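Let's take a walk through a protein fold together, one stop at a time. Keep the 3D view open and turn it as you read.

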Amino acid sequence: MTVYVALLRAVNVGGTGVLPMKELAALCSGLGFGQVRTYIQSGNVVFDSALGKDAVGQELAQALAKKMGKPVDILLRTAAELGAILKANPFPDAEPSKVAVVFCNGSLPKGWLDLLRIPGAEEVRPGKKEIYIHYPEGMGKSKLKLPLSTGIATVRNINTVTKLLALAVS
């Protein structure tokens with residue numbers, strides 16, 4: 001069994017894509033995923049499955065689209081991948097609530113960093129399929145916008161990523 005962490009994009013944010021976490025957990029259990037647990041109301045679910053990553057992603061995407069009446073973007077990582085993402089954090093001494101991980105649906109395209117304009121004191125570092133951003137003044141005050149070429153993405157702060165990893169390995 002592989003432990004997966006599914007990060008849903010644009011769920012329960014600003015009144016759009018409303019999906020209670022109990023319903024998300026029930027949906028995942030109904031797909032045959034085991035040890036299902038959710039974390040906070042922003043579309044984070046941890047579970048295990050004997051299926052491969054692609055099959056898990058397809059089944060979850062189909063079930064969510066049926067439930068929500070529209071496609072829901074899912075960024076899927078294994079527990080091992082999540083651990084490696086945390087280990088690679090280039091801002092380990094920064095306040096965790098001020099460091100974000102942008103989870104992308106694929107490898108970062110060449111040249112995306114050249115398109116980035118940093119309007120403030122933010123620091124941006126690429127990962128493999130993630131982007132790390134340090135917001136020294138807080139994410140809410142930032143005017144930083146990532147280029148669209150990064151593809152489908154969703155953001156979680158280091159506190160959330162740490163908690164999700166703890167759930168995934170418990």
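Start by finding Ala79, which sits in helix α3. Keep in mind that what you're looking at is a predicted model. Is Ala79 buried or exposed? With a relative accessible area of 13%, Ala79 falls under the 20% cut-off, so it counts as buried. Now look at what Ala79 touches once you skip residues up to four places away in sequence: Val3, Leu165 and Ala168. You can also check a distance here: Ala79 and Ala166 are 87 residues apart along the chain, yet their C-alpha atoms are separated by 9.1 Å.

Two of those contacts lead us on to a pair of helices. Helix α3 covers residues 79–87, and it packs with helix α5, residues 158–169. How do you describe a pair like that? Two packed helices are described by the angle between their axes and the distance between the axes. For α3 and α5, the angle is about 145 degrees and the axes are 10 Å apart. The crossing of these two helices is left-handed. Which residues make the contact? From α3 come Ala79, Leu82, Gly83 and Leu86. From α5 come Ile158, Val161, Thr162, Leu164, Leu165 and Ala168. Sort the contact of α3 with α5 by class and you get eight nonpolar residues, two polar ones and no charged ones.

Stay in helix α5 for a moment and pick out Thr160. Thr160 is buried, because its relative accessible area of 8% is under the 20% cut-off. Leaving out neighbours within four places in sequence, Thr160 is in contact with Tyr39, Ile40 and Asn44.

Next, hop over to Phe33, in the loop between α1 and β2. Being in a loop doesn't put Phe33 on the outside here: at 5% relative accessibility, Phe33 counts as buried. What does Phe33 touch, leaving aside neighbours within four places in sequence? The list runs Cys28, Phe47, Asp48, Ser49, Leu51, Val56 and Leu60. For a sense of distance, try Phe33 and Glu123: they are 90 residues apart along the chain, and their C-alpha atoms are separated by 38 Å.

A short step along the chain takes you to Gln35, in strand β2, which spans residues 34–39. Here's a small oddity to look at. Most residues other than glycine have a negative phi, and most peptide bonds are trans. Gln35 isn't a glycine, but its phi is positive, at about 50 degrees. Gln35 is also exposed, with a relative accessible area of 57%.

Now for the charged pairs. How many salt bridges does the structure hold? There are five, and we'll visit some of them. Begin with Asp73 and Arg9, whose closest N and O atoms are 3.3 Å apart. This pair links distant parts of the chain, 64 residues apart: Asp73 is in the loop between α2 (53–68) and β4 (74–78), while Arg9 is in the loop between β1 (2–8) and α1 (21–30). Asp73 is partly exposed, at 25% relative accessible area, and Arg9 is partly exposed too, at 37%.

Another salt bridge joins the side chains of Lys67 and Glu23, at 2.8 Å from N to O. Again the pair links distant parts of the chain, with Lys67 in helix α2 and Glu23 in helix α1, 44 residues apart. Lys67 counts as partly exposed at 40% relative accessibility, and Glu23 does as well at 36%.

Then there's the salt bridge between Arg77 and Glu130, with the closest N and O atoms 2.9 Å apart. Arg77 lies in strand β4 and Glu130 in strand β7 (residues 130–134), so this pair ties together parts that are 53 residues apart in sequence. Are these two buried or exposed? Arg77 counts as buried, at 3% relative accessibility, and Glu130 counts as buried, at 5%.

Finally, how far can you trust the picture? The protein chain averages a pLDDT of 90, and 96% of the residues score at least 70. Confidence is highest in α3, at a mean of 96, and lowest in helix α4 (residues 112–115), at a mean of 80. As a general habit, where pLDDT is low, the predicted coordinates should not be read in detail.

Methods: Residues numbered from 1 in each chain as written. Heavy atoms only, no water. Axes fitted to C-alpha atoms, helices over the stretch in contact; angles between N-to-C directions. Helix = DSSP H or I, 4+ residues; strand = E, 2+ residues; numbered from the N terminus. Left-handed = near helix turned anticlockwise from the far one by under 90°. Contact = heavy atoms within 4.5 Å. Nonpolar A, V, L, I, M, F, W, Y, C, P; charged D, E, K, R; others polar. pLDDT = per-residue confidence, 0-100. Buried < 20%, exposed > 50% of the residue type's maximum accessible area, 1.4 Å probe, protein only. Salt bridge = Lys/Arg side-chain N within 4 Å of Asp/Glu carboxyl O.
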